[in-house]
Amino acid sequence: MRTIRAAAAGAVVMSLALAATACGGGSSTDGEGSNDSPKTLTYWASNQGASIEIDKKVLQPELDKFEKQTGIKVKLEVVPWSDLLNRILTATTSGQGPDVLNIGNTWSASLQATGALLPWDDANFAKIGGKDRFVASALGSTGAEGKDPAAVPLYSMAYALYYNKEIFADAGITKPPATWDELVADGKKIQAKGKQVLGAEGANVSENVHHVFTFAKQHGADFFTADGKPDFTSDGAVAAVKQYVDLMAKDKAIPVGNAEYAQNQSVSDFAKGKTAMLLWQSASANLKSQGMSEDAYGIAPVPVQSGAPGTGKQVNSMVAGINISVFKNSDNLDGATKFVKFMTSDEEQKILNTAYSSIPPVAAAQTDAAFNSPATAVLKDTLAKSAAALPQVADESQFETAVGTAVKELFADAAAGRAVTTASVKARLEKAQQQMPAA
């Protein structure tokens with residue numbers, strides 16, 4: 001991806017349930033939007049590349065192309081992940097926001113609950129070519145079940161294990177680990193050669209949630225009950241968080257310095273050959289921009305407890321991705337819809353997803369040869385067979401903040417040499433659950 005899905009630590013204090021009428025890039029006050037400004041659009045893009053400047057270089061030629069086709073000028077702002085959620089939440093209450101914006105797909109249900117975003121009913125999907133153009137796994141992270149989606153899939157991603165071939169060879173490791181026990185065992189061989197084992201972003205709350213969600217699935221647990229209530233302290237959830245943090249606290253696979261990482265430092269460490277392995281979403285473009293040759297690393301599925309990736313306890317990734325949404329009181333609703341159609345067209349999907357080493361959520365674009373490399377094959381296979389969507393509930397963004405912060409604090413404990421026990425993990429998760437809105 002990306003980046004840094006640091007879903008703003010302060011977001012929990014901003015109750016999504018209190019978000020008032022929809023907002024947008026125009027001055028419509030009734031929340032229903034208009035076409036009063038048909039020649040301009042404002043667009044908040046998420047930071048997908050290694051820097052904001054790289055994103056501008058990727059996106060501006062495509063926006064110029066759109067202007068040439070439609071006569072609509074798009075004013076671009078690339079918003080860092082550390083700011084994006086809070087910027088959006090502020091816009092939902094202030095009435096000052098863009099016409100079109102990117103959102104993390106895990107935020108879809110939370111932002112849907114504000115009422116600020118245009119619902120993508122059958123009529124609106126028909127304007128962009130129909131809902132059936134998009135793959136089912138991507139559509140599963142566009143809003144709460146039973147409601148019209150609040151967003152349209154733009155980029156699809158999954159986690160993979162990236163490993164340094166030279167470091168593995170020097171340590172006598174002939175294949176990437178398929179289970180967590182194998183990863184820990186390989187780590188001891190790597191450390192014996194003086195290298196760091198596994199990179200992580202311990203202070204990045206959303207990265208933390210993505211990983212502990214996957215571990216929870218492998219422990220047969222969920223962080224929400226079937227009726228959408230928080231359930232952070234089940235035995236499985238506690239075991240999942242402890243296993244992830246123990247990669248630093250007990251197994252010494254994650255370096256203690258990574259407890260403070262939140263700005264892609266683990267990717268840089270891997271690109272520079274300091275770390276043998278990295279768990280990341282669609283990292284190839286990011287690594288290339290930092291000078292790492294594609295021949296220098298391999299890509300494998302994220303490990304599981306035993307056996308092979310699949311469904312149920314064999315899940316090894318969340319369904320990662322970026323969606324594109326429209327504020328429903330935009331002053332250029334027709335233009336915003338045309339822009340979404342443009343960005344999700346087969347041609348643009350190939351261009352943009354190639355640039356970001358992500359997978360097109362548009363089925364026809366996925367068949368392009370550009371997405372049949374060994375690297376993308378792992379990601380496509382994971383999305384198709386062993387990825388699960390984070391809970392599409394209204395409180396999802398608060399969940400990311402509360403649980404992600406609990407994991408951040410546990411990593412800080414581990415880095416400081418304080419014991420990480422089952423009891424201490426449960427206490428942190430109890431505190432996180434108390435921060436959630438009342439049922």
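This passage walks through two sheets and several helix packings in a predicted model.

Since the model is predicted, local features were kept at pLDDT of at least 70 and side-chain atom pairs at pLDDT 80 or more, while totals for chains, interfaces and linings use all residues. Residue numbers start from 1 along each chain as its sequence is written, and side-chain values use heavy atoms, with hydrogens and water left out. Helices (H or I, at least four residues) and strands (E, at least two) are DSSP runs, numbered from the N terminus.

One open sheet has 5 strands in the order β2-β1-β3-β10-β4, with mixed pairing; two strands pair if DSSP finds at least two bridges between them. Its edges are β2 (73-79) and β4 (152-157), each of which pairs on one side only. From one strand to the next, the twist averages 20°. For angles like this one, axes are lines fitted to C-alpha atoms, for helices over the stretch in contact, and values run from 0 to 180 degrees between N-to-C directions. Inside the sheet, strand β1 (residues 40-46) and strand β3 (residues 100-104) pair in the parallel sense over 2 bridges, with Trp44 opposite Leu101 in β3. Helix α2 (residues 81-94) packs on this sheet and touches β1, β2, β3 and β10 (320-326), where contact means heavy atoms within 4.5 Å. The direction of α2 makes about 120° with that of β3.

Next comes the other sheet. It is an open one of 4 strands in the order β6-β7-β5-β8, again with mixed pairing. Here β6 and β8 (297-300) are the edge strands, each pairing on one side only, and the twist averages 20° from one strand to the next. Strand β7 (residues 275-281) has 7 of its 7 residues buried, so it is largely enclosed by the rest of the structure; buried means under 20% relative accessible area, exposed over 50%, and partly exposed in between (1.4 Å probe, protein chains only). Strand β5 (residues 159-164) runs antiparallel to β7 and is joined to it by 5 bridges, whereas strand β6 (residues 196-199) runs parallel to β7, with 3 bridges. Met277 in β7 turns up in both pairings: Tyr163 stands opposite it, and it is the bridge partner of Leu198. Helix α8 (residues 205-218) lies across β5 and β7, at about 90° to β7.

On to helices against helices. Such a pair is described by the angle between the axes and the distance between them. Helix α8 packs against helix α16 (residues 396-415) at about 90°, with the axes 7 Å apart. These two are therefore roughly perpendicular; angles under 35 degrees count as roughly parallel, over 145 as roughly antiparallel, 65 to 115 as roughly perpendicular and the rest as oblique. The contact involves Val205, Ser206, Asn208, Val209 and Val212 of α8, and residues of α16 including Phe399, Val403, Val407 and Phe411. By class, the α8 contact with α16 has 7 nonpolar, 4 polar and 2 charged residues, counting Ala, Val, Leu, Ile, Met, Phe, Trp, Tyr, Cys and Pro as nonpolar, Asp, Glu, Lys and Arg as charged, and the others, Gly among them, as polar.

Helix α1 (residues 52-70) and helix α13 (residues 346-355) pack at about 165°, with their axes 10 Å apart, and are therefore roughly antiparallel. Their contact brings together Val58, Leu59, Glu62 and Lys65 of α1 with Glu347, Glu348, Ile351, Leu352 and Ala355 of α13. The class tally for α1 with α13 is 5 nonpolar, no polar and 4 charged residues.

Helix α9 (residues 235-249) meets helix α17 (residues 422-434) at about 110°, with the axes 9 Å apart, so the two are roughly perpendicular. On the α9 side, Ala237, Val238, Val241 and Lys242 meet Thr422, Val425, Lys426 and Leu429 of α17. This contact of α9 with α17 has 5 nonpolar, 1 polar and 2 charged residues. Also in α17 is Lys431, which counts as partly exposed because its relative accessibility is 42%. Lys431 and Thr376 are 55 residues apart in sequence and 39 Å apart in space, C-alpha to C-alpha.
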